[in-house]
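Please open the model in a viewer and keep the sequence panel visible. The tour below proceeds one selection at a time and describes what is found at each stop.

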Amino acid sequence: MADSTGPQIRTFQVFPDIPQALAPLMELAHNFWWMWHPDAVELFRRLDRKLWDEVNHNPVRMLGALSQEQLKDAAEDEGYRAHLRRVYDAFQEHRNEKGWFNSAHAEDDKLRVAYFSAEFGLHESLPIYSGGLGILAGDHLKSASEIGLPLVAVGLLYRNGYFQQYLSPDGWQQEAYPELDFYNMAVENLKYTDGSPVRVRVDLPDNSVFCQVWKVKVGRIPLYLLDTNLAENSPADRDITSRLYGGGSEMRIKQEIVLGIGGVRALEALNIQPTIFHMNEGHSAFLALERTRVMLESSAMTFDEARQQVMSTNVFTTHTPVPAGIDFFSPELMLKYFKNMIPQLKLDDEGFLALGREDVMNKKQGFSMAVLAIRLADQYNGVSKLHGDVSRHMWHNIWPEVPPDEVPIRSITNGIHVRSWLSQDMSFLFDRYLGEGWPTRPADQSIWEDVDQIPDEELWRAHERCRERLVGWARGRLKEHLTKRGASSEDIAIADEVLDPEALTIGFARRFATYKRGALLLRDADRLRALIADTKRPIQFVFAGKAHPADQEGKELIRAIVQFARDASVRRRFVFLENYDMNVARYLVQGVDVWLNTPRRPYEASGTSGMKAACNGVPNCSILDGWWVEGYAIDPNSGWAIGRDETYTDTNYQDQIESQALYTILEKQILPQFYNRGPDNVPREWIGRMKACMRHLTPVFNTNRMVKEYTEKLYLPAFHRGLQLAANGMEGARSLAKAKDELRHKWGNIKVIGVHTSGNGHYKVGETMQVEAMVDLPDLDPGAVQVQLYAGHINASGEIEDPQVFRMNYARQLAPGRHVFAGEIQCKLSGRQGFALRVLPGYKDLATPFEPGLIIWN
């Protein structure tokens, strides 16, 4: 770009000069398929092992950094060429295989899912993720590729990614934002056939912003990333895709406009027409507004008619257990950025703002991105069974008259992409003893039963190699960071002595949010020191994690851990590793003996790091929160529970109780079992726990199972419903909007006139109580509603517990507008029972009978 103060810079790109015999290397390097295949990883590593680590395991950058002599030697090496052929054949086989979806749902070949997320964690060489949300999104794509799901993904390409962490001399977290070199990464700058770049435009209050579209290949799945760092944009707009989760509200709303609105436009520019849109958290919820605007632009529909069609094909996953974790924007900011779109949506300002309010009548409420996603989707889910329950209570205000347990938010428990996190040592054991099916069918329980066939000695030796590798790597990393920090030569020398490759090793690594209680272990420092000082049963701890740059409390937790680790009495057995990323995570989940997790229940929506440890045979020691509630219930022998499912009002008391429980578990259960060895020094009882993790947890907590569940519970039902509403020129969407509008206008006139029951109020077990209800439905067809009996045991507070719902049948008309509905209740249990009667919408095309505001109790 030329300007008046500097020279005109003309750009060009230099590509590696790869010998023809090695040509497939470039294709493999530009597809992240390689990262979950150990043979493919080794293919790149063997070219230059030292350089592989220096380029942060980035094969594209590595191929450009190798000397022509090294490339020539590899091309002339018959062994290397055979290795390349073997890997490339496996890659081609993956791309061409039919996959589960085409076998199980061949009739639904028109399904196309667009998966939107603010971050994607595919590999450390593409650092556009911050933690669990992004890594889950990356694993979602990998499993979608393995099962053959027709899916495309959309995100943002942050040129500074998420921050790189380093510590000040006193242990305070500092942040660095190095610029990413996209031209030496596995991202492709998309161009049309005429060579022009693929770009889309989004409108901001005072100007338009142009977005370049890049492509990342994840096996068979394309990930499209938008980038605003273009010369055509102002410096402020170029920074929109600078940092993940950077800046204040104004920057966040710009990023989310680019993601949601720009993402829809990018797919249109690429002529990709998804049938389902999946919002992974609320960051991308503006996509629903853009979809509605486009539909209104090309038809004579009303907003409510277009909304029904858009809702039917939108899926929303919430990952947040507290309202504070949701993006909120002020009404003023929303009106500033959407002043031009609001009339295009055929709404007024208040109608628009109501889409993001829990209470549509409260004009002081901020605009919630999660509420927008809920109001513009028909399918929503939490990410564990407990989180589903938490979400139903958290969003109960949207359905205020519906019992919390019936709020229509379901749960699909998270998982991990097993092969991305499994150690090479364990992978080889699985190949040997589990057969060929485990890599592609990790959700098949029958495959994992053969874990018991693995000899204890072989499994233990494989795990010991992982621990030894972790210790050696951690020493080198500590030494590197201490040197950069200007530490004394004595401190640097001690780094060569930290950690014992044979000692019980406890790992804790995650985002340092306060609710995760990263420093709970330090609550009784003297008791912890006594544990660490035991030379007969040595124990050591490895910590890692980042706090959000604006989270001062999280940074304080990190500083407390770092300062404790510098205590001369523990420094060789207590370590904090800087700059936690996917590479650090792999070393930890593969090499530690126990995975520690101490969140404040119920604030851990799911958590997946413990799943990554479990597939490597590492037991969890965790508060019963998130996924571990389900994991521990499947097999308590796969780890330890800190407490049970208690709730506390005094958090200080809770921390005291649960920290003491943790110390007791370490002292009385974990340490004795780990060091209970026979003459061959093999801890067979411990190995039984390792095998329980692999056999019972791995087939459940993996993303192949998870994505299949999304497909069958959410994607396909939404796909079929979308087709139904879209048929005959959107006739279904139009009629449904009309029916809802009619119900809303007439709902206040519906009245339950009377309820009559058979008998005298006393029944024997096995008898049936007949119930009739007289309901006034002025100007409404009886089919427009459904009348239900809500029955169950009455508790001491006079409330119905564990209710059952029975739909009443239409019986007869008594007079114009007055109707009788009849039903029955089976008396199955003795005791004090009760029932209530409720009226709900009855149209068959509804996604759920629980429409906000449309419920009458009697």
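Select Met394 to begin this tour of a predicted model. With a relative accessibility of 12%, Met394 counts as buried, since the cut-off for that class is under 20%. Met394 lies in helix α17, which covers residues 385–394. Display its surroundings next: apart from residues up to four places away in sequence, Met394 touches Thr320, Pro321, Val322, Pro323 and Glu358. For a sense of scale, add Phe338, which is 56 residues from Met394 in sequence and 27 Å from it in space, C-alpha to C-alpha.

Remain on helix α17 and select Ser391, which belongs to that helix. Is Ser391 buried or exposed? Its relative accessible area is 0%, so Ser391 is buried. When neighbours within four places in sequence are left aside, Ser391 is in contact with Thr318, Gly382 and Ile409.

**Strand β9 and the loop after it**

Now select Asn280, a residue of strand β9. Asn280 counts as buried, at 2% relative accessibility. Its contacts, leaving aside neighbours within four places in sequence, are Tyr115, Phe116, Ser117, Leu133, Ala137, Thr317 and His319. Gly626 may be added as a distance marker: 346 residues separate it from Asn280 in sequence, and 18 Å separate the two in space, C-alpha to C-alpha.

Move on to Glu281, in the loop between β9 (276–280) and α11 (286–297). Most residues other than glycine have a negative phi. Glu281, although not a glycine, has a positive phi of about 75 degrees. Glu281 also counts as buried, with 6% relative accessibility.

**Two further backbone stops**

Select Asn56, which is found in the loop between α3 (49–54) and α4 (59–65). Asn56 is not a glycine, yet its phi is positive, at about 55 degrees. Its relative accessible area of 29% makes Asn56 partly exposed.

Then go to Pro602, located in the loop between β18 (594–597) and α26 (609–615). Most peptide bonds are trans. The bond from Arg601 to Pro602 is cis, with omega near 5 degrees.

**Helices α5 and α6**

Select helix α5 (residues 68–76) together with helix α6 (residues 78–96). Two packed helices are described by the angle between their axes and the distance between the axes. Here the axes come within 5 Å and cross at roughly 80 degrees, which makes α5 roughly perpendicular to α6. Which residues make the contact? On the α5 side they are Ala74, Ala75 and Glu76, and on the α6 side Glu78, Tyr80 and Arg81. By class, this contact contains three nonpolar, no polar and three charged residues.

Keep α6 selected and view it along its length. Its 19 residues should span 27 Å at 1.5 Å a residue, and the end C-alpha atoms are indeed 27 Å apart. Colour its buried residues, which are Tyr80, His83, Leu84, Val87, Tyr88, Phe91 and His94. They cover an arc of only 125 degrees around the axis and therefore lie on the same side of α6. The face turned away from that buried side carries the exposed residues Asp89, Glu93 and Asn96. To view what covers the buried residues of α6, show elements including α1 (24–29), α2 (38–45), α5 and α8 (132–147).

**Helices α19, α21 and α29**

Select helix α19 (residues 424–433), where Asp425, Met426, Ser427, Leu429 and Phe430 are buried. The buried residues of α19 pack against α2, α20 (445–448), α21, α26 and α29. Just after α19, Gly435 has a positive phi of about 90 degrees.

For the last stop, keep two of those partners on display: α21 (residues 456–485) and α29 (residues 684–697). Their axes come within 10 Å and cross at roughly 80 degrees, so α21 is roughly perpendicular to α29. From α21, the residues that meet α29 are Asp456, Glu457, Leu459, Trp460 and His463. From α29, the residues at this contact are Arg684, Trp686, Ile687, Met690, Lys691 and Met694. The contact of α21 with α29 comprises six nonpolar, one polar and four charged residues.

Key:
Residues numbered from 1 in each chain as written. Predicted model: local features only at pLDDT ≥ 70, side-chain atom pairs only at ≥ 80, totals over all residues. Heavy atoms only, no water. Axes fitted to C-alpha atoms, helices over the stretch in contact; angles between N-to-C directions. Helix = DSSP H or I, 4+ residues; strand = E, 2+ residues; numbered from the N terminus. Parallel < 35°, antiparallel > 145°, perpendicular 65-115°, else oblique. Contact = heavy atoms within 4.5 Å. Nonpolar A, V, L, I, M, F, W, Y, C, P; charged D, E, K, R; others polar. Expected span 1.5 Å × (residues − 1). Buried < 20%, exposed > 50% of the residue type's maximum accessible area, 1.4 Å probe, protein only. Arc of directions from axis to C-beta.
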